[in-house]
Amino acid sequence: MVCNKKFAQRGSLTTHLETHTEEKPFQCTVCNKKFGRRSTLATHLNIHTGEKSFECMVCNKKFAQRGSLTTHLRTHTEEKPFQCTVCNKKFGRRSTLATHLNIHTGEKSFKCMVCSKNFCQAFKLKIHLRTHTGEKPFQCTVCNKKFGRRSTLATHLRTHTGEKPFECTVCNKNFRDGSNLKIHLRTHTGEKPFECMVCNKKFTKWFSHNSSQNPYRGEAFRVHGL
């Protein structure tokens with residue numbers, strides 16, 4: 001009578017009507033959360049009991065909720081039904097799209113509790129936190145050196161394999177990672193984005209205080225009073 005949708009059974013109609021009334025008569029006895037359907041409550045209870053009754057037919061991984069299984073199945077089908085209206089990039093999860101939108105809006109809702117730095121994505125905050133904890137979960141299988149980022153490990157592995165996949169389109173020189181290629185390209189463009197605050201001399205890349213390549217290291221550095 002509200003949306004004219006039709007059902008074969010009265011019980012299905014009764015359940016459907018609850019979506020219009022927002023009535024939620026079924027309450028969880030553990031956390032008091034309420035639901036409009038008994039079946040939804042039953043599925044929710046799996047969170048508390050630890051029961052995982054929804055199994056993936058591809059990899060046999062089990063889930064406590066049907067929705068989690070549905071989302072997981074997209075990793076096999078590569079279905080990405082949620083599309084960004086700004087850049088048209090697609091995602092397998094609605095929550096991932098919501099986080100992605102922060103890139104366009106500039107919103108940084110994920111805050112570091114240690115230094116108060118803000119991030120637009122949860123995974124970037126997670127990576128940042130490792131600078132405080134010292135955690136390095138990614139280990140090189142060749143020399144056992146550990147890294148805080150998977151991408152840094154991938155770059156490091158190229159020191160063992162000799163792979164240099166980043167090629168300069170001007171002189172065809174190859175590099176192990178994109179950042180070194182970016183710095184190299186400035187030798188062709190003449191761009192020098194880093195300027196000394198003391199003498200205004202400009203450089204193609206940033207030098208740390210103790211870098212052996214720092215032009216102001218040692219005596220020259222002291223002349224600048226740095």
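**Lining of the second largest pocket and selected buried residues**

Thr71, His72, Arg74, Thr75, Glu78, Glu79, Lys80, Lys89, Lys90, Phe91, Gly92 and Arg93 form the lining of the second largest pocket in this predicted model. The volume of this pocket is about 190 Å³. Two elements, α3 (66-77) and β6 (90-91), each contribute at least two residues to the lining. Helix α3 provides the largest share, amounting to four residues. By residue class, the lining comprises seven charged, four polar and one nonpolar residue. Phe91 counts as nonpolar and is part of this lining, as are the charged residues, among them Arg74, Glu78, Lys89 and Arg93.

With regard to the overall fold, eight helices and 14 strands are assigned in the protein chain. The chain contains 226 residues, of which 22% are classed as buried. Its exposed surface is about 16,900 Å², and 51% of this area is supplied by carbon and sulfur atoms. When contacts between residues at least 6 apart in sequence are considered, 2% of them connect residues at least 24 apart.

The cysteines were examined next. No disulfide is found in a search of the whole structure. For Cys84, the nearest cysteine sulfur belongs to Cys87 and lies 3.7 Å away. A disulfide requires the two sulfur atoms to be within 2.5 Å, and Cys84 is therefore not assigned to one. Cys84 has a relative accessibility of 1%, and because the limit for burial is under 20%, this residue counts as buried. The same limit applies to Cys120, which is likewise classed as buried, at 13% relative accessibility.

A further buried position is found in helix α7, which spans residues 178-189 and includes Arg186. The relative accessible area of Arg186 is 10%, so this arginine falls under the 20% limit and is buried. Once residues up to four places away in sequence are set aside, Arg186 is in contact with Glu191, Pro193, Phe194, Thr204 and Lys205. Of these partners, Glu191 and Lys205 belong to the charged class, while Pro193 and Phe194 are nonpolar and Thr204 is polar. The surroundings of this buried arginine thus include residues of the charged, nonpolar and polar classes.

Notes: Residues are numbered from 1 along each chain as its sequence is written. This is a predicted model: local features need pLDDT of at least 70, side-chain atom pairs count only at pLDDT 80 or more; totals for chains, interfaces and linings use all residues. Side-chain values use heavy atoms; hydrogens and water are left out. Buried means under 20% relative accessible area, exposed over 50%, partly exposed in between (1.4 Å probe, protein chains only). Contact means heavy atoms within 4.5 Å. Accessible areas come from the Shrake-Rupley method with a 1.4 Å probe; for residues, only the protein chains shown count as cover. On a 1 Å grid over the protein atoms alone, a cavity is a set of points where a 1.4 Å probe fits but cannot get out, and a pocket is an open set with protein on both sides within 12 Å along at least five of seven lines; lining residues have an atom within 4 Å of a point. Grid points are joined across faces, edges and corners, and a volume is the space filled by probe spheres set on the points.
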